[in-house]
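Visitor: I should like to study a single part of this model closely, with its surroundings described step by step. Please begin with whatever term I shall need.

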Amino acid sequence: MIEMSKFYEMHRYFKTIENTKTFLSDITKAETGLFKQAPEESRLLNDFDHKYSKLFLNMDIDLSKKDKLTRYFSEIKEYFASLNCMHLTLAFSPSDRFLDTLQTILTSSVGFPPVFDVSVDPIAIGGVIIDYNGKYLDLSLNKLLDRYFMEHKNAILSGL
Amino acid sequence: MYTLPGNAYIFAIFILFQGFLVLLVLFLFIDKFFSTRKHRLEADLVKQDAFKQALKELGAAKTKAQQIIKDAQISAADIISKSEYISASTQKNLDDGINNLVKRQELEIIKIIDSFNAELKSEFDKERITTLSGFKTIFQEVKDASIKQLSSFNDILTNSSLDAEGSLKAQASEHLEEMRLRLKVYEEAKTKEIQDKLFSVLLAVNKNFFSQTMTIDDHEDLVIKLFRDAALKETLGL
């Protein structure tokens, strides 16, 4: 049974839901390899090992123990299927460094490094729209400018 | 030889004279009888002609009156149709009003003329008109009165038309005032629309300014600052 802290370790690698999808897809391929004959089996598992060895090493999971791999993979898939992502709408495509900073800021508050589901929408202009745990918060520049202009409408119109 | 006594001559002359007088009176009576009848026949003929002529004149007067009414009606309709500020329903109401007025006045003038006809006939029937000159006098009186009445009626029609025109002008003026009010409301709405449009443009320009001038670093710094905000974390229940 994989410990929860080890799952959170995975969040450092897979900061966005897109990353986890790729990871889960690679797990599915590796699972297929378990039921293949050599050399097909070796090739698929080697590819997976090459790509995620560091992650699994940090998680203390030995990828060479093929008898346990099916169970590990199954637990990982179940975990990500039930994962509660933080949905962010941004006006720009975020860099890894940026997402890393966000994870660091939020880890102490959330209790673990959150995984982000990022949408890019230039209409937001700037700032962020957050949808998490059933709470919605629009902190986009679009909304802020709308609010500012509406609050100061009379003053702005009188200056026209 | 038989000779008459002296008194007998005198008596015979007296008888002959009496016979002559009787014949004379008879002659005069017969003459008078035929003469009166002839005169009456002539007078009757004159009366018939005069009556016909009177009817003809009155008929012409009636036609003229109807023409005046028709002209007034056309004139009123023309005024109504040229009034741009009058709505279709108002125009119809005014049309109906003018038509009713004209119908009432038409009936009035026909009543007046018919009354003259009856009066004229009565004069003939009462034998008050026995000579051509007598008829002419009466007819002239009737004609003068008819013309006077027509003239008076014409004045009524003209005044009515003028009244109608005045009423139309008043209504047009009322509509003009209504149009002014509508225009004012329209101007206010249009000004508001323009202001709203300017406001939207200004907002769009500002949004565009931010989206064009912000670098990726600016974007990232802003979001990081927002996430560092304790209030944000509290709002999200973090």
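Guide: Two residues are said to be in contact when heavy atoms of theirs lie within 4.5 Å of each other. The model before you is a predicted one, and the part I propose to examine is the strand residue A:Tyr132, followed by the helix and the cores of chain A.

A:Tyr132 belongs to strand S3 of chain A. Its relative accessible area is 5%, so it counts as buried, the limit for that word being under 20%. Which residues touch A:Tyr132, once its neighbours within four places in sequence are set aside? They are A:Asn84, A:Cys85, A:Met86, A:Val110 and A:Phe112, together with B:Leu238 from the other chain. The fold also brings A:Tyr132 and A:His87 together: they are 45 residues apart along the chain, yet 6.1 Å separates their C-alpha atoms.

Strand S1 of chain A can be viewed through another residue, A:Thr89, which is found there. A:Thr89 has a relative accessibility of 11% and therefore counts as buried. Beyond its neighbours within four places in sequence, A:Thr89 is in contact with A:Ser119, A:Asp121, A:Gly127, A:Val128 and A:Ile129.

One of the contacts of A:Tyr132 was A:Val110, and that residue leads us to helix H5 of chain A, which runs over residues 96-110. At 1.5 Å a residue, the 15 residues of this helix should span 21 Å, and its end C-alpha atoms are 19 Å apart, which agrees. The buried residues of H5(A) are A:Phe98, A:Leu99, A:Leu102, A:Gln103, A:Ile105, A:Leu106, A:Thr107 and A:Val110. A general point helps in reading such a list: an α-helix has 3.6 residues a turn, so residues three or four places apart point the same way. The cover over the buried residues of H5(A) includes, from chain A, helix H1 and strands S1 (86-90), S2 (116-120) and S3 (127-132). Chain B contributes as well, with its helices H4 (216-228) and H5 (230-235) among the covering elements. After H5(A) comes A:Gly111, which has a positive phi, near 105 degrees.

We may now turn to the nonpolar cores. The largest of them has 26 residues, and A:Met10, A:Phe23, A:Phe48, A:Leu55, A:Phe56, A:Ile76 and A:Phe80 are those with the most contacts inside it. Two or more residues each are supplied by helices H1 (4-13), H2 (17-34), H3 (40-58) and H4 (66-81) of chain A. H4(A) provides the largest share, with 6 residues. To see this core from one of its members, consider A:Phe48: apart from neighbours within four places in sequence, its contacts are A:Phe23, A:Asp26, A:Ile27, A:Ala30, A:Ser53, A:Phe56, A:Leu63 and A:Phe73. A second core, separate from the one just described, has 23 residues and draws on both chains, including A:Leu99, A:Ile105, B:Phe227 and B:Leu236.

Helix H2 of chain A also holds A:Thr20. A:Thr20 is buried, because its relative accessible area is 2%, and it touches A:Phe14, A:Phe80 and A:Val115 when residues up to four places away are not counted.

Several of these names recur among the aromatic residues. One aromatic cluster is formed by A:Phe7, A:Tyr13, A:Phe14, A:Phe23, A:Phe48, A:Tyr52, A:Phe56, A:Phe73, A:Tyr79 and A:Phe80. Over all chains, the structure holds 17 aromatic pairs. In the pair of A:Tyr148 and A:Phe149, the ring centres are 6.1 Å apart and the planes stand at 75 degrees, so the pair is edge-to-face. Its partners are set differently with respect to the surface: A:Tyr148 is partly exposed, at a relative accessible area of 45%, whereas A:Phe149 is buried, at 4%. A ring of chain B takes part in another arrangement, in which A:Lys153 lies over the face of B:Phe199, 5.1 Å from the ring centre.

Finally, the chains as wholes provide the setting. Chain A has 7 helices and 4 strands, and 45% of its 160 residues count as buried. Chain B has 5 helices and 0 strands, and of its 238 residues 24% count as buried.

Conventions. Residues are numbered from 1 along each chain as its sequence is written. Chains are lettered from A and ligands numbered from 1 in the order in which they are written. This is a predicted model: local features need pLDDT of at least 70, side-chain atom pairs count only at pLDDT 80 or more; totals for chains, interfaces and linings use all residues. Side-chain values use heavy atoms; hydrogens and water are left out. A nonpolar core is a set of buried Ala, Val, Leu, Ile, Met, Phe, Trp, Tyr and Cys residues joined through side-chain atoms within 4.5 Å. Buried means under 20% relative accessible area, exposed over 50%, partly exposed in between (1.4 Å probe, protein chains only). The expected span of a helix is 1.5 Å times one less than its number of residues. Rings of Phe, Tyr and Trp (its six-membered ring) pair if their centres lie within 6.5 Å; planes under 30 degrees apart count as stacked, over 60 as edge-to-face and the rest as tilted. A charge sits over a ring if NZ of Lys or CZ of Arg is within 6 Å of the ring centre and within 35 degrees of the ring normal.
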